[in-house]
Amino acid sequence: MDSFSLFFTTALLAGGLYWFVFFFGSAERKGKRAVDLSGGSISRDNVHDNYKQYWSFFRRPKEIETTEKVPAFVDTFYNLVTDIYEWGWGQSFHFSPSIPGKSHKDATRIHEEMAVDLLDVKPGNRIIDVGCGVGGPMRAIAAHSKANVVGITINEYQVKRAQIHNKKAGLDSLCEVVCGNFLQMPFADNSFDGAYSIEATCHAPKLEEVYAEIYRVLKPGSKYVSYEWVTTELYDGNNSEHVEVIQGIERGDALPGLRSYDQIAEIAKKVGFQVVKEKDLAKPPSHPWWSRLKMGRIAYWRNHVLVTILSWLGIAPKGTVDVHEMLFITADYLTRGGETGIFTPMHLIVCKKPEA
């Protein structure tokens, strides 16, 4: 090979690697870049140790059944996965039914807007997003309803990310983010005109505890809407494959334990709510919510190569490859849960706090 050909080939490979590392794979143009992957609030030198610590929770299962252990467990998980979620999925950390002719981004927005429409709130009302993540749903809901949205998340890093996104979107006047535990919210009684949670209360060790807190902060006559992760009527606890799938979802998503669909309304009633509506939004005629996971397999391998390169170069923290692999394995369990119909991430419940 002559010197010109060698130079041209080397430049082409270097340019391709630069483009692949610095620009490829971002879920949203304004979202997280691959080169900025981190461990959230965890120092880069401790990411791998915290990943091992996360898995240690499952070696001591009784510990994650107690309320005092769960916040640290969930906080560790979101420090590990937040950047990867943003980079590979987007700013809304949840699923939505596929809509023919609509992009995943549009389907997600429509799913979020439906939640606030069910609250019957007006512009200027104050509502709470329970478990807001980096605020994707909050921003869509604030823009759609013109309500003032207060989000709460256990993870301090997510608060910072949400505040950045709120400002970039020009919605920081409508969106406020608070770092706190949704089992002990720092808000006064009867202070919100509505509340919603989108695939977030599944992290609570006892659903009645978070429902009781939501009930407390809502004004009388106000509504609460939730999309819950549950096992369906098709789940058989004596079926080893079913058990494997559900346990795989729990391990890969920081869940103390999935609840059954028939427990949700009873728990809501137990804390004082009136149940207005209950429906599994994943059932036909809805189109599969898990299709996005299946379609993303090629993207996973592409991204995994990139994460491996970034880790080898020292750009991504040690342990990032392990976290990314964990999420891919979990995606397979989620897909199997959807295909078999034993799991749904969008069991809708609409509740109302009785008038005083």
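**Helix packing and a buried strand residue in a predicted model**

Student: In this predicted model, at what angle do helix α11 (residues 297-313) and helix α12 (residues 320-340) pack, and which term describes their relative direction?

Tutor: The axes of α11 and α12 are 9 Å apart, and the helices pack at an angle of about 165°. Since angles over 145 degrees count as roughly antiparallel, the term that therefore applies to α11 relative to α12 is roughly antiparallel.

Student: Which residues of α12 meet α11, and how many residues of that contact are charged?

Tutor: From α11, the residues involved are Arg 297, Tyr 300, Trp 301, Asn 303, His 304, Val 307, Thr 308 and Ser 311, and they meet Thr 320, Val 321, His 324, Glu 325, Phe 328 and Asp 332 in α12. By class, this contact of α11 with α12 divides into five nonpolar and six polar residues, and the number that are charged is three.

Student: What is the hand of the crossing between α11 and α12?

Tutor: Beside the angle of about 165° between α11 and α12, there is a handedness to state for the way in which α11 passes α12. That crossing is left-handed.

Student: How does helix α3 (residues 70-88) lie relative to α12, and what is the angle?

Tutor: Here the axes of α3 and α12 are 10 Å apart. The range from 65 to 115 degrees counts as roughly perpendicular, and α3 is therefore roughly perpendicular to α12, with an angle of about 75°.

Student: Which residues form the contact of α3 with α12, and how many of them are nonpolar?

Tutor: On the α3 side are Phe 77, Leu 80, Val 81, Ile 84, Tyr 85 and Trp 87, which meet Thr 320, Val 323, His 324, Met 326 and Leu 327 in α12. The contact of α3 with α12 has two polar and no charged residues, and the number that are nonpolar is nine.

Student: Is Ile 128 buried or exposed?

Tutor: Ile 128 lies in strand β1 (residues 126-130), and beyond residues up to four places away in sequence it touches Val 150, Ile 152, Met 185, Phe 187, Phe 192, Gly 194, Ala 195 and Tyr 196. Its C-alpha atom is separated by 5.7 Å from that of Gly 151, 23 residues apart along the chain. Because its relative accessibility is 0%, Ile 128 counts as buried.

Student: For the chain as a whole, what percentage of the residues count as buried?

Tutor: The chain has twelve helices and eight strands, and it exposes about 16200 Å², of which carbon and sulfur atoms supply 55%. Of its 356 residues, the share that count as buried is 52%.

Definitions and conventions
Residues are numbered from 1 along each chain as its sequence is written. This is a predicted model: local features need pLDDT of at least 70, side-chain atom pairs count only at pLDDT 80 or more; totals for chains, interfaces and linings use all residues. Side-chain values use heavy atoms; hydrogens and water are left out. Axes are lines fitted to C-alpha atoms, for helices over the stretch in contact, and angles run from 0 to 180 degrees between N-to-C directions. Helices (H or I, at least four residues) and strands (E, at least two) are DSSP runs, numbered from the N terminus. Angles under 35 degrees count as roughly parallel, over 145 as roughly antiparallel, 65 to 115 as roughly perpendicular and the rest as oblique. A crossing is left-handed if the near helix is turned anticlockwise from the far one by less than a right angle, and right-handed if clockwise. Contact means heavy atoms within 4.5 Å. Ala, Val, Leu, Ile, Met, Phe, Trp, Tyr, Cys and Pro count as nonpolar, Asp, Glu, Lys and Arg as charged, and the others, Gly among them, as polar. Buried means under 20% relative accessible area, exposed over 50%, partly exposed in between (1.4 Å probe, protein chains only). Accessible areas come from the Shrake-Rupley method with a 1.4 Å probe; for residues, only the protein chains shown count as cover.
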